[in-house]
Amino acid sequence: MGGRDATADGLSAALRALPSVERLAAALDAPHALAVAAARAAIEERRAALRHGQAGDGSDIAELARGKLAAAQAPSLRRVINAAGVIVHTNLGRAPLAAAAREAVAAAAEGYSNLELDLASGERGSRQAHVEELLRELTGAQAALVVNNGAGAVLLAAAALAAGRGLVVSRGQLVEIGGAFRIPDVVGQSGARLVEVGTTNRTRRSDYERALAALAPGEQRVILRVHASNFRTLGFTEEVAIEELCALGVPVIDDVGSGRLDDDLAALADEPSVRRSVAAGAALVCFSGDKLLGGPQAGLLVGRAESVARARAHPLARALRIDKLSLAALEATLRLYRDPARARRELPVLAMLDATGEELAGRAERLRGGLAEAGVASEVHEAVARVGGGALPLLELRGPAVALDPAAMGAEELARRLRLGDPPVVARIERGRVLLDPRTMTDDDAEGARAGVVAALR
Ligand SMILES: *Cc1c(COP(=O)(O)O)cnc(C)c1O
């Protein structure tokens, strides 16, 4: 009994000894409301700890409050190190930008720009003018339009060309691209009527022909082809090539997903070529700016002049308008493609795909050596990286990775500590080990990952 009273007395004394919110806040160098919130959070945490019998660990409550304040003042959206080896990682912001694109964004952000001003005439211009000529040149299309993302490009294409009409899609292409982007839902939102043809694994030219022949007099139809970006059907399968679809005599919208502008890069061979679809005569070809193109989030539409004009005139075009920072990054990215060798060197996504075994081995070995110097044992062994972001699902990028043994802590806990570091490091777990993949890291990132591992194991 007596012991219990002594504990209770000790608790109330410890609670009484806590400073008031106002006094603790006054000791913090921050705007009043932020300081009060941090002080209150620190006091509440300490009070709860005391009540749970964790009598003062001796640490200073002002220190606890300063920690809360720092956390509240830190930006939420932060640079992280991608050690996961997934090149187009949707959760990590997809494509990192080339230096030229980053500089273009900074310049456009810093001051005013000729976003919608024709400098020669002094009259109002179109923001599309900054990229349309480049896109025509790079794809061979008659005209081009850019909007704020790939999903928006598909929605706009369907609304502009097929609202009130039948939109013919193969059952093998009624796909979900990720999150809430499902082709049947997008078609529904566009005002088009979905006309399904073929089966999940096989759709033939005759299936499309039948659907087109079943038209009521005066009714018009449009074909939508959707690239199976994030999966493959294997075995007894059949699809109709874009050239054959375009030969059926109705407008074709081709959603190529990531697509590719570089037709000679071997690693991209399984992605549909934008130039090929344009040459086949597609009315509109839709693709993303921030997948394997390696630019900012954007949706690109290229194709026939008349179809692009309809998309441009549709009210959704205004709602889906691209912003000036993305446009600046997109223009700079597209300019790099004028020199394919330069694009492969300077666009991070292409450079990662194209990285040599020697380059990767060098970075992995330096990382292993740096860890060893800090007393952390690791091993370099062969692993498989992925493209991610809903592109090239079967492509295995073999290369070295640095494997850490998490010991008693376990791989999940080590990976969690790495994510909570500064900067956060996102690693990959394979067979109970934590892997750091040099493919998606720069040399500076690898140094950051080394420091992150040392801190996480401390
Ligand atoms: C990724 C993708 C989209 C959506 O593009 P976002 O840029 O993510 O909006 C649409 N269609 C296909 C086939 C895709 O792969």
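The paragraphs below go through the ligand site, one helix and a few backbone features of this predicted model.

The ligand comes first. Its shell is made up of R94, N149, G150, A151, I177, F181, H227, S229, D255, G257, S288 and K291. By residue class, three of the shell residues are nonpolar, six are polar and three are charged. Two secondary-structure elements, α7 (150-162) and β8 (252-257), each contribute at least two residues to this shell.

Several side chains in the shell come close enough to the ligand for polar contacts, for which the cut-off is 3.5 Å between N or O atoms. The side chain of S229 places an N or O atom 2.4 Å from an oxygen atom of the ligand. For S288, a polar side-chain atom is 2.5 Å from a ligand oxygen. D255 pairs with a nitrogen atom of the ligand, which is 2.6 Å from an N or O atom of the D255 side chain. The ligand on its own would expose 380 Å², and the protein buries 92% of that area.

R94, one of the shell residues, also has a backbone feature of its own. Its phi is positive, about 55 degrees, although R94 is not a glycine. The residue sits in the loop between β1 (81-82) and α5. With a relative accessible area of 24%, R94 counts as partly exposed, because that class covers values between 20% and 50%.

A positive phi also occurs at R431, again in a residue other than glycine, with a value near 45 degrees. R431 belongs to the loop between β14 (428-430) and β15 (433-436). Its relative accessible area is 80%, so R431 is classed as exposed, the cut-off being over 50%.

Another loop, the one between α18 (411-419) and β13 (425-426), contains P423. The peptide bond between D422 and P423 is cis, with omega about 0 degrees.

The helix to look at is α14, which covers residues 324-336. Its 13 residues, at 1.5 Å each, should span 18 Å, and the C-alpha atoms at its ends are 19 Å apart, so the two values agree. At the start of α14, a side-chain oxygen of D323 comes within 3.0 Å of the backbone nitrogen of L325. The buried residues of the helix are S326, L327, A328, A329, L330, A332, T333, L334 and L336. These buried residues pack against the helices α5 (99-110), α6 (129-139) and α15 (340-346), and against the strands β2 (143-147) and β10 (299-303).

Conventions:
Residues are numbered from 1 along each chain as its sequence is written. This is a predicted model: local features need pLDDT of at least 70, side-chain atom pairs count only at pLDDT 80 or more; totals for chains, interfaces and linings use all residues. Side-chain values use heavy atoms; hydrogens and water are left out. A residue is near a molecule or strand if one of its heavy atoms lies within 4 Å of it. A polar contact is a pair of N or O atoms within 3.5 Å; within protein, one must be able to donate a hydrogen and the other to accept it, and residues adjacent in sequence count only if both atoms are side-chain atoms. Accessible areas come from the Shrake-Rupley method with a 1.4 Å probe; for residues, only the protein chains shown count as cover. Helices (H or I, at least four residues) and strands (E, at least two) are DSSP runs, numbered from the N terminus. Ala, Val, Leu, Ile, Met, Phe, Trp, Tyr, Cys and Pro count as nonpolar, Asp, Glu, Lys and Arg as charged, and the others, Gly among them, as polar. The expected span of a helix is 1.5 Å times one less than its number of residues. Buried means under 20% relative accessible area, exposed over 50%, partly exposed in between (1.4 Å probe, protein chains only). Contact means heavy atoms within 4.5 Å.
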